[in-house]
Amino acid sequence: MANYIHVPEGVPVVPKFKVTVDENDFRSGALKLMKELRPHWKPSEVKMKCFTDGITNKLIGCYVGSVMQEVVLVRIYGHKTELFVDRENEVKSFRVLQAHRCAPRLHCTFTNGLCYEFLQGTALEPEHIRSPSIFRQIAQQLAKYHAIHAHNGWLPKSDLWLKMGKYFSLVPTHFPDPGQNHRFSQEVPSAECLREEMLWLQQSLSVLGSPVVLCHNDLLCKNIIYNQSAGNVKFIDYEYAGYNYQAYDIGNHFNEFAGVNEVDYSLYPGRDLQLMWLRAYLEAYKEHKDQCAEVSPTEVEVLYVQVNRFALASHFFWGLWALIQAKYSTIDFDFLGYAILRFNQYFKMKPEVTALPFP
């Protein structure tokens with residue numbers, strides 16, 4: 001099975017509680033969880049903060065006292081997200097990453113969500129991830145993810161094309177709202193066009209030789225936590241984690257330089273920044289894999305071409321994802337507009353990146 005994640009022996013078992021937390025009236029459900037996880041907390045003293053950065057799930061921080069220390073995060077799954085997120089796979093990925101000290105502690109799962117440790121630090125913005133001191137840390141941390149060995153030498157396969165095909169099958173054919181439906185029919189490529197592009201992507205990218213590794217697959221700015229006092233970065237949110245092409249994970253991150261709420265694709269990193277980023281990544285990756293740490297210009301150039309071509313697949317993937325969200329999500333976000341942006345950027349980038357020659 002392409003997306004099989006093996007949890008190493010000795011990793012703490014994660015309890016599951018039969019508790020449902022209402023996303024619109026979450027306090028009573030969250031308190032039931034705190035009774036299990038923090039029985040010494042008095043319910044009347046538990047404070048809750050709702051974080052607003054996410055566009056898929058609702059995230060609540062629970063704590064006691066005057067400052068946010070020993071915070072337990074309660075994440076409530078978004079409406080219908082089970083259609084495109086494998087929750088069992090997410091928990092397995094979380095536990096594997098925790099075992100390799102790449103993730104916070106996962107406290108428990110519950111009927112419609114999970115609870116985990118709060119990481120102290122700042123969620124980054126697009127301007128931060130361009131800073132050399134920070135982007136080198138991001139590159140090194142992603143290399144650590146990618147170097148995690150599969151179980152018993154098993155050679156994993158990417159499930160990118162399987163997921164993309166599933167998403168395509170879930171894309172709506174119309175919207176009840178006339179204005180939204182008109183925009184959908186006029187500005188989103190036809191189903192036939194999307195099908196042809198999806199086939200082209202699979203045929204063109206799967207032969208590029210990018211290794212299949214354990215990927216984060218959703219490394220947008222807000223999923224990167226920078227702890228200035230510790231001088232490090234950590235990644236959060238593993239809903240889409242799994243085995244995928246190395247170049248996809250990096251290309252997806254480069255696309256996220258544009259931001260989410262106010263998207264600006266002129267912020268996509270230029271060649272010089274990319275080459276510095278990729279060299280830092282390859283040096284760390286080879287070190288984690290116990291290979292010769294010396295990185296040749298040719299290795300950097302090959303990865304540069306692979307990454308920019310796989311950035312196309314990232315745009316296409318999230319375009320399909322956003323169309324599904326536009327139909328089902330209850331979160332106040334212009335998912336249809338976001339899908340249109342991703343597909344427009346896909347077709348804009350396609351002739352540029354397909355012309356990049358391998359050295």
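**Exercise 1. A salt bridge**

Classify the meeting of the side chains of R87 and E239.

Solution. The side chains of R87 and E239 form a salt bridge, 2.7 Å from N to O. The rule asks for a side-chain nitrogen of Lys or Arg within 4 Å of a carboxyl oxygen of Asp or Glu. Next, place the partners: R87 is in helix α2, and E239 is in the loop between β10 (232-235) and β11 (242-245), so the pair ties together parts 152 residues apart in sequence. Helices (H or I, at least four residues) and strands (E, at least two) are DSSP runs, numbered from the N terminus. By the salt-bridge rule, the count comes to 13.

Ground rules: this is a predicted model, where local features need pLDDT of at least 70, side-chain atom pairs count only at pLDDT 80 or more, and totals for chains, interfaces and linings use all residues. Residues are numbered from 1 along each chain as its sequence is written, and side-chain values use heavy atoms, with hydrogens and water left out.

**Exercise 2. The sheet of 6 strands**

Give the strand order of the open sheet of 6 strands, then find what packs on the sheet.

Solution. Step one: the order is β1-β5-β6-β4-β3-β2, and the pairing is mixed. Two strands pair if DSSP finds at least two bridges between them. Step two: β1 (16-17) and β2 (47-51) are the edge strands, each pairing on one side only. Step three: β3 (residues 58-63) and β4 (residues 72-76) run antiparallel, joined by 5 bridges. Within β4, L73 is the bridge partner of G61. Step four: helix α2 (residues 87-99) packs on the sheet and touches β4, β5 (106-110) and β6 (113-117). Contact means heavy atoms within 4.5 Å. The direction of α2 makes about 170 degrees with that of β5. Axes are lines fitted to C-alpha atoms, for helices over the stretch in contact, and angles run from 0 to 180 degrees between N-to-C directions.

**Exercise 3. The sheet of 3 strands**

Trace the open sheet of 3 strands and name its edge strands.

Solution. The order is β7-β9-β10, with antiparallel pairing. The edges are β7 (122-123) and β10, and each pairs on one side only. Strand β7 is joined to β9 (residues 224-227) by 2 bridges. In β9, I225 is the bridge partner of A123. Helix α3 packs on this sheet, touching β9 and β10, and its direction makes about 50 degrees with that of β10.

**Exercise 4. Helices α3 and α7**

Work out how α3 and α7 are oriented to each other.

Solution. The axes of α3 (residues 132-146) and α7 (residues 246-255) come within 11 Å and cross at roughly 150 degrees. The two helices are therefore roughly antiparallel. The cut-offs: under 35 degrees is roughly parallel, over 145 roughly antiparallel, 65 to 115 roughly perpendicular, and the rest oblique. The crossing is right-handed. Handedness is left if the near helix is turned anticlockwise from the far one by less than a right angle, and right if clockwise. Now the residues: I138, L142 and H146 of α3 meet Q246, D249, I250 and H253 of α7. By class, the contact has 3 nonpolar, 3 polar and 1 charged residues. Ala, Val, Leu, Ile, Met, Phe, Trp, Tyr, Cys and Pro count as nonpolar, Asp, Glu, Lys and Arg as charged, and the others, Gly among them, as polar.

**Exercise 5. Two further helix pairs**

Classify the pair α6 and α10, then the pair α8 and α9.

Solution, α6 and α10. Helix α6 (residues 191-205) and helix α10 (residues 335-354) pack at about 40 degrees, with axes 13 Å apart. They are therefore oblique to each other. Their crossing is left-handed. The contact includes W200 of α6 and F343 of α10. It divides into 7 nonpolar, 1 polar and 2 charged residues.

Solution, α8 and α9. Helix α8 (residues 271-288) and helix α9 (residues 297-328) pack at about 110 degrees, with axes 9 Å apart. They are therefore roughly perpendicular. Their crossing is right-handed. Among the contact residues are Y281 of α8 and Y304 of α9. The classes are 9 nonpolar, 2 polar and 5 charged.
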